[in-house]
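User: Please take a close look at the ligand site in this structure. I would like to know what surrounds the ligand and which atoms make polar contacts with it.

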Amino acid sequence: MGRALVWDATCVDSLAASHLPSTSQKAAAAAESAQMLKRPKMFLLRQAVSNARQLAPSVRAMSSKGPLVDLTVDNDGVAIMTLQRPPVNSLNLDLLKEISKSLDDVAKNKSRGMILTSSSPTVFSAGLDIMEMYKPDMKRAEEFWTTLQDVWFKLYGSSFATAAAINGHAPAGGCLLSMSCEYRAMVGGKFTIGLNETALGIVAPKWFMDTMCRTISMRQAELALTTAKMFTVDEALKCELIDEIATDKADAINKCKTFLKKFEKIPPLARAITKLKMREEPIKNLQTSRQADVQEFLSFLKNPKVQQSLEMYIQALKQKAAK
Ligand SMILES: CC/C=C\C/C=C\CCC/C=C/CC(=O)SCCNC(=O)CCNC(=O)[C@H](O)C(C)(C)COP(=O)(O)OP(=O)(O)OC[C@H]1O[C@@H](n2cnc3c(N)ncnc32)[C@H](O)[C@@H]1OP(=O)(O)O
């Protein structure tokens, strides 16, 4: 059987006034810029094709058990992705790689949706592994950040429906993962959630901020980001950082399943395209600034003041843990 091909060729006028400044600095700059601008369009096209394939769902059995992520499909065809990197599911390069691969598996598997949760009884995810940023090997740091970007693209821009069963603390990168899902049920109690980067002397990247601004109001997001606010579960519900409070992990998962069930009667292609159009802007923004974002991260890490802040933060964490 032949396959349909779509050709989308772009011819760039490298001597056009708008390209002259970059072309005079660097050969092929105009072509590179055209390529960057085209990526978001291609991304949406690929997602739409993948959605179209999901119009006739046939859930395959899926069970992928890496050491750090457990991925299973329940009887309802819902994929459950469980982070399991003790003690606190901090996101190091290995865990991010496994999450990235598991997200590919869910996308291929035509699951009804995915629920993200944690095997820890008290921590959903402690966010980025600080040891990946403290006195880093720059090559590894680059791969680390690129993999984090990949995970965000795949989760925030997934065509399948997503929900987070937040069964413990979710600071920084942990909060980002949950906000990248479409729905959040958080177990009540003493847990907290938020983007606390400024408390560490670091700045949350723009795409972290964008994700928060699209979850809670801009006003609340600005206050929360500048003050490194960690929301209690009740506060998080009040400002809609989470959607529901659950009594325990099982209840959180059930609440996520109830959310996913809402899509049973919605044509999957219409749902997926609507979601992607709603999320298109921050995705496009990072796609076009992806390399600059990596460079910004690397230069941040080279800054002695940032390293000093991280060192103090690690010491404080260790002292707290030793008590
Ligand atoms: C312009 C922009 C472009 C680029 C900018 C560049 C860079 C900036 C962007 C960087 C973005 C960063 C986002 C992040 O995610 S940073 C990580 C922030 N995370 C935290 O602040 C959480 C810290 N942890 C905690 O608050 C608690 O551990 C927690 C509440 C999660 C759990 O508490 P609990 O009491 O259960 O455990 P602890 O005893 O505290 O911890 C157990 C051991 O785990 C270690 N730990 C904890 N968190 C981390 C972590 N995030 N990374 C690495 N290790 C962690 C802790 O030290 C304990 O270790 P041991 O002492 O047992 O060895």
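Analyst: Here is the ligand site, followed by two helices and one further residue.

This is a predicted model, in which local features need pLDDT of at least 70 and side-chain atom pairs count only at pLDDT 80 or more, while totals for chains, interfaces and linings use all residues. Residues are numbered from 1 along each chain as its sequence is written, and side-chain values use heavy atoms, with hydrogens and water left out.

Start with the space itself. The ligand takes up the largest pocket. A pocket is an open set of points on a 1 Å grid over the protein atoms alone, with protein on both sides within 12 Å along at least five of seven lines. A molecule sits in a pocket if more than half of its atoms lie within 2 Å of its grid points.

Which elements give two or more residues to the shell around the ligand? They are α10 (268–302) and α11 (304–322). Helices here are DSSP runs of H or I, at least four residues, numbered from the N terminus. The largest share, 5 residues, comes from α11.

In total, 30 residues surround the ligand. A residue counts as near if one of its heavy atoms lies within 4 Å. The closest are Ala126, Leu128, Ile130, Tyr313 and Lys320. By type, the shell divides into 20 nonpolar, 5 polar and 5 charged residues. Nonpolar covers Ala, Val, Leu, Ile, Met, Phe, Trp, Tyr, Cys and Pro; charged covers Asp, Glu, Lys and Arg; the others, Gly among them, are polar.

Now the polar contacts, meaning pairs of N or O atoms within 3.5 Å. A side-chain N or O atom of Lys320 is 2.8 Å from a ligand oxygen. A polar backbone atom of Gly173 lies 2.9 Å from an oxygen of the ligand. At Ala126, a backbone N or O atom is 2.9 Å from a ligand nitrogen. The protein covers 80% of the 1,200 Å² of accessible area that the ligand has on its own. That area comes from the Shrake-Rupley method with a 1.4 Å probe.

Gly173 also belongs to the buried residues of α5. Buried means under 20% relative accessible area, exposed over 50%, partly exposed in between (1.4 Å probe, protein chains only). In helix α5 (residues 173–180), 8 of the 8 residues are buried, so this helix is largely enclosed by the rest of the structure.

Thr211 is in helix α6 (residues 206–213). Thr211 is buried, at 1% relative accessible area. A polar atom of the Thr211 side chain lies 2.5 Å from the backbone oxygen of Trp207.

Methods
Polar contact = N/O pair within 3.5 Å; in protein donor to acceptor, adjacent residues only side chain to side chain. 1 Å grid on protein atoms, 1.4 Å probe; cavity = no way out; pocket = protein on both sides within 12 Å on 5 of 7 lines; lining within 4 Å.
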